[in-house]
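Got a moment to look at a structure together? Here it comes.

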Amino acid sequence: MQRQERAPIRLLKERFLMLRVFPLSLLLFSFCLGGVSFASSSVQEVRGDFKATTNQAKLVKALAKALDPESMTVTFVDGPKENGDISGLYLDIVGPSAGTDYRLDRFSLSGALVRLTPPSQWDAGDLKTFRPSKWEGLFNAELLLKESTAREALALFSRTQGDEQWRNLSLDFRPGKILLEGTYRVNGGMRAAFKITTGLELRGGRQIWLANPEVQINNDEQTQAIRSKIQEINPPADFDKLGIPLVLRTIKITDRELRIATGKPPRPLDGDTWKYVR
């Protein structure tokens, strides 16, 4: 029975790897914020491995290379200046994967009074060169993960890591909850059915915790027996470790999508805009 208790916990940890993509994505996004100002607002359209000859172009290219999005819009307002200051910033990223096998459907961010390292220190091949010793700025952000995208990630896991141990895996978004079901192999061939139901909650504006998880194995309630193991998973995502002044206020699960956001939604800005397509 101990193995049966550990197996669903292992799968729960692996499934919430996609949540760990959120802080990684935010970190990569923040590495690459910046550009130079023109005398008036402009719109530049680029595609694929485009040639970058300006600071803004180099940053957009580095962002595209790091995140591999389907498309994105990046707007710079008054900056960056010689000290790295940017008055305003807006990002709208569609389909980023942040160098992982998983992807988000959309990530949007707007920032004000942002400070990066001076452009003279930037290296388009090294994202760390854009990162200051201490983040400064006011940020609003929103992340969107659709149920269909989460199911694609689960199918990828089954093909690449599940082998014959995990079968018949299914994932459903319910209002306020995530439901994961399937079977797993134990003890040299025996198969057991499992069902994991959990909500998500924000703590301190920086951490995402599993909320009131319930676990069944072969239709037998196992929540109390493995509750301490579930606590070892929490929090599956911790934005506080990034040191970015970003405070999350809402997390909402519907039957179609998972949405995490700050108190105010990101808003497009008027400025020098780059539109990128893969």
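What follows is a short chat about three residues.

This is a predicted model, where local features need pLDDT of at least 70, side-chain atom pairs count only at pLDDT 80 or more, and totals for chains, interfaces and linings use all residues. Residues are numbered from 1 along each chain as its sequence is written, and side-chain values use heavy atoms, with hydrogens and water left out.

Q: Why is T273 called buried?
A: Buried means under 20% relative accessible area, exposed over 50%, and partly exposed in between (1.4 Å probe, protein chains only). T273 has 10%, so it counts as buried.

Q: What makes the link between the side chains of T273 and T75 a polar contact?
A: The term covers a pair of N or O atoms within 3.5 Å; within protein, one must be able to donate a hydrogen and the other to accept it, and residues adjacent in sequence count only if both atoms are side-chain atoms. Here the distance is 3.0 Å, so it fits within the 3.5 Å limit.

Q: Where does S110 sit, and what does it touch?
A: S110 is in strand β4, residues 106-115 (strands are DSSP runs of E, at least two residues, numbered from the N terminus). Leaving out residues up to four places away in sequence, S110 is in contact (heavy atoms within 4.5 Å) with L89, Y90, L138, F139, N140, P266 and R267.

Q: Why does I178 count as buried?
A: Its relative accessibility is 12%, so I178 falls under the 20% cut-off. I178 lies in strand β7, and its C-alpha is 5.7 Å from that of T197, 19 residues apart in sequence.

Key
Helices (H or I, at least four residues) and strands (E, at least two) are DSSP runs, numbered from the N terminus.
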